[in-house]
Amino acid sequence: RCRDTMGRWMITDACGTPPEGVPVSNYTFAVGNNGVTRYEFLYEVKELAVVIASHDPFTFTPNPKYLSELQPRLRDRVATRLQVENIAQNLDPDSLLTDFHTLDRGAPIVGPDMMVESGNGRVMALRLAADVFPQKYGVYQEQLIMRAEDFGQKASDIEELLLPVLVRVRTTAVDRRAFTQEANTPVAFSPSAIEQA
């Protein structure tokens with residue numbers, strides 16, 4: 001069983017053998033803001049501590065390990081703090097564990113170095129929830145374990161982690177700065193001629 005180029009399951013040998021050690025079922029993709037460009041990812045579950053976010057979720061000071069040019073948003077603004085706190089306090093596992101095939105929703109996107117490329121607010125909110133709203137984070141953790149196979153993961157492996165987080169690791173080669181700008185730009189669709197009429 002494998003996926004075709006559109007991400008659909010097929011029971012065939014036609015699509016070849018996946019890279020050694022990489023289960024086919026952790027593959028996913030997202031469509032870019034232009035509706036045409038396709039980016040590919042592998043789902044992985046990591047410790048929250050190893051995912052490099054742009055800012056500290058408690059002080060909102062910039063993370064010195066993070067490449068500042070990859071963060072197009074002003075994460076130290078009061079409105080952003082309130083947004084992160086609101087996400088943490090009302091943590092919704094479905095919003096983080098549903099595959100929308102978009103860049104701006106779902107599991108955070110990281111590069112191979114675990115640096116967040118899309119979803120800094122979500123990663124910060126998860127860290128904040130784990131510390132300040134542990135019951136909310138606990139529900140996310142339980143859902144992640146229950147749905148592990150959906151992402152090509154083993155529940156037993158996730159249970160061994162202290163603070164697990166599901167991420168999408170980008171495998172498509174990109175201009176990283178341009179990609180993060182695209183991934184952090186809200187998509188606004190213009191109404192069609194019929195809708196305008």
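Start with the whole protein chain in cartoon view: its secondary structure comes to seven helices and seven strands (DSSP runs numbered from the N terminus, helices being H or I with at least four residues and strands E with at least two). You're looking at a predicted model, so local features need pLDDT of at least 70 and side-chain atom pairs count only at pLDDT 80 or more, while totals for chains, interfaces and linings use all residues. Residues are numbered from 1 along each chain as its sequence is written, and side-chain values use heavy atoms, with hydrogens and water left out.

Trace the protein chain along its sequence and you'll read β-β-β-β-α-α-β-β-α-α-α-β-α-α. Of its 197 residues, 42% count as buried (under 20% relative accessible area; exposed is over 50% and partly exposed in between, with a 1.4 Å probe and protein chains only). Among contacts with a separation of 6 or more, 65% come from residues 24 or more positions apart (a contact means heavy atoms within 4.5 Å).

**Stop 1: the sheet**

Select the five strands of the open sheet, which come in the order β3-β4-β7-β5-β6 with mixed pairing (two strands pair if DSSP finds at least two bridges between them). The edges are β3 (27–31) and β6 (116–118), each of which pairs on one side only.

Now zoom in on β3. Four of its five residues are buried. Its partner is β4 (residues 38–47), joined to β3 in the antiparallel sense over five bridges. Show sticks for two pairs here: tyrosine 27 sits opposite leucine 42, and alanine 30 faces tyrosine 39. The hairpin of β3 and β4 has six residues between the strands, and glycine 35 in it takes a positive phi near 80°.

Step across to the other side of β4. Seven bridges join β4 to β7, and these two run antiparallel. Pick tyrosine 43 and you'll find its bridge partner, arginine 168, in β7.

**Stop 2: helices on the sheet**

Add helix α4 (residues 134–146), which lies across β4 and β7 (164–170) and runs at about 60° to β7. Then add helix α6 (residues 176–183): α6 packs on the sheet, touching β4, β5 (109–110), β6 and β7, and its direction makes about 50° with that of β6. For these angles, axes are lines fitted to C-alpha atoms, for helices over the stretch in contact, and angles run from 0 to 180 degrees between N-to-C directions.

**Stop 3: the loop between β5 and β6**

Select methionine 115, which is in the loop between β5 and β6. Methionine 115 is buried, with a relative accessible area of 6%. Leaving aside neighbours within four places in sequence, its contacts are Ile52, Lys65, Tyr66, Leu67, Leu70, Ile109, Val110 and Arg176. Try a distance label to isoleucine 52: the C-alpha atoms are 4.6 Å apart, although the two residues are 63 apart in sequence.

Methionine 114 lies in that loop between β5 and β6 as well. Its phi is near 70°, a positive value in a residue other than glycine. Most residues other than glycine have a negative phi. Methionine 114 counts as buried, at 11% relative accessibility.

Jump to phenylalanine 60, in the loop between β4 and α1. Phenylalanine 60 isn't a glycine either, yet has a positive phi of about 60°. With a relative accessible area of 4%, phenylalanine 60 is buried.

**Stop 4: the largest pocket**

Finish by selecting Gln83, Ile87, Asp104, Gly121 and Arg122, which lie nearest the centre of the largest pocket among its 20 lining residues. A pocket here is an open set of points on a 1 Å grid over the protein atoms alone, where a 1.4 Å probe fits and protein lies on both sides within 12 Å along at least five of seven lines; lining residues have an atom within 4 Å of a point. The largest pocket has a volume of about 360 Å³, meaning the space filled by probe spheres set on the points, with grid points joined across faces, edges and corners.

Colour α1 (78–89), α2 (93–97) and α3 (120–132): each supplies at least two residues of the lining. By type, the lining divides into four nonpolar, ten polar and six charged residues (nonpolar: Ala, Val, Leu, Ile, Met, Phe, Trp, Tyr, Cys and Pro; charged: Asp, Glu, Lys and Arg; polar: the others, Gly among them).
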